[in-house]
Amino acid sequence: KSITKADRGLAVDTKLQPVAMINLSQNDIDDPSFSDCAIQTLRRAIDSGEIVVTNNLIADNPSFAPETNTKLSGLRFVVAIPIQGAGAIYIDQRVRFGVIPQSTIDNLLRLVTHIQDNQLEDNTSETFCTIYEQLT
């Protein structure tokens, strides 16, 4: 959270099983209002090997676009970053608080790549924050 400023985060393995969560509970993950979007977005990122940037209401189907402003308060900016051979990272943020900047997405991808290239997966979150600061 301190790196991306996102509201929530989820790391999954290649079988989409959660390995780490930030500001999410198992109940949140089991809730279809979260899991439908998250699983679809994470699967797209893992399958394509590309970063996926979307939102939680429309995603792939524009027919789900809100017709009134009442649903806009729940609109979230969603990013999924694949981690080659390991799974993916999902982060989201309420749009009313802004979007996650492209520079943050690029820096997070740089961090993930650095961690993988240097086999640093077993470090602490504090170490990852320090590495992130050094890379940016």
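Which side chain does Asp92 meet in a polar contact of 3.1 Å? Hold that thought for a moment, everyone, and thanks for coming. One reminder before we go on: what you see above is a predicted model.

The partner is Arg76, joined to Asp92 side chain to side chain. Asp92 belongs to strand β5, and its relative accessible area is 0%, so this aspartate counts as buried. Who else is around it? Leaving aside residues up to four places away in sequence, Asp92 touches Ala6, Asp7, Arg8, Phe34, Arg76, Phe77, Val78 and Ile100. Please keep Phe34 from that list in mind, as we will come back to it.

Now let's step back to the sheet. Five strands make an open sheet, and reading across you get β2-β1-β5-β4-β3, with antiparallel pairing. Why do β2 and β3 have one side without a neighbour in the sheet? Both stand at the edges, and each has a single partner strand, so one side of each is left free of a neighbour there. From one strand to the next, the twist averages 15 degrees.

Two helices pack on this sheet. For α2, the strands touched are β1, β3, β4 and β5, and the helix direction makes about 135 degrees with that of β5. Helix α3, residues 102-117, touches β3, β4 and β5, and its direction makes about 25 degrees with that of β4.

Let me zoom in on the hairpin of β1 and β2. Strand β1 covers residues 8-12 and strand β2 residues 18-22, and the two pair in the antiparallel sense over four bridges. If you want to find the register on screen, Gly9 stands opposite Ile22, and Ala11 has Ala20 as its bridge partner. Five residues lie between the strands, and in this hairpin Leu16 takes a positive phi near 65 degrees.

Last stop, the aromatics. How many aromatic pairs does a search of the whole structure find? The search finds one. The pair is Phe34 with Tyr90, edge-to-face, at 5.3 Å centre to centre and with 85 degrees between the planes. Phe34 sits in helix α2 and Tyr90 in strand β5, 56 residues apart, so to speak a link between distant parts of the chain. Are these two rings' residues buried or exposed? Phe34 has 5% relative accessibility and counts as buried; Tyr90, at 1%, counts as buried too.

And that returns us to the start: Phe34 is also among the residues that Asp92 touches. Thanks for listening, and I'm happy to go through any of this on screen.

Note on methods:
Residues are numbered from 1 along each chain as its sequence is written. This is a predicted model: local features need pLDDT of at least 70, side-chain atom pairs count only at pLDDT 80 or more; totals for chains, interfaces and linings use all residues. Side-chain values use heavy atoms; hydrogens and water are left out. Two strands pair if DSSP finds at least two bridges between them. Rings of Phe, Tyr and Trp (its six-membered ring) pair if their centres lie within 6.5 Å; planes under 30 degrees apart count as stacked, over 60 as edge-to-face and the rest as tilted. Buried means under 20% relative accessible area, exposed over 50%, partly exposed in between (1.4 Å probe, protein chains only). Axes are lines fitted to C-alpha atoms, for helices over the stretch in contact, and angles run from 0 to 180 degrees between N-to-C directions. Contact means heavy atoms within 4.5 Å. A polar contact is a pair of N or O atoms within 3.5 Å; within protein, one must be able to donate a hydrogen and the other to accept it, and residues adjacent in sequence count only if both atoms are side-chain atoms.
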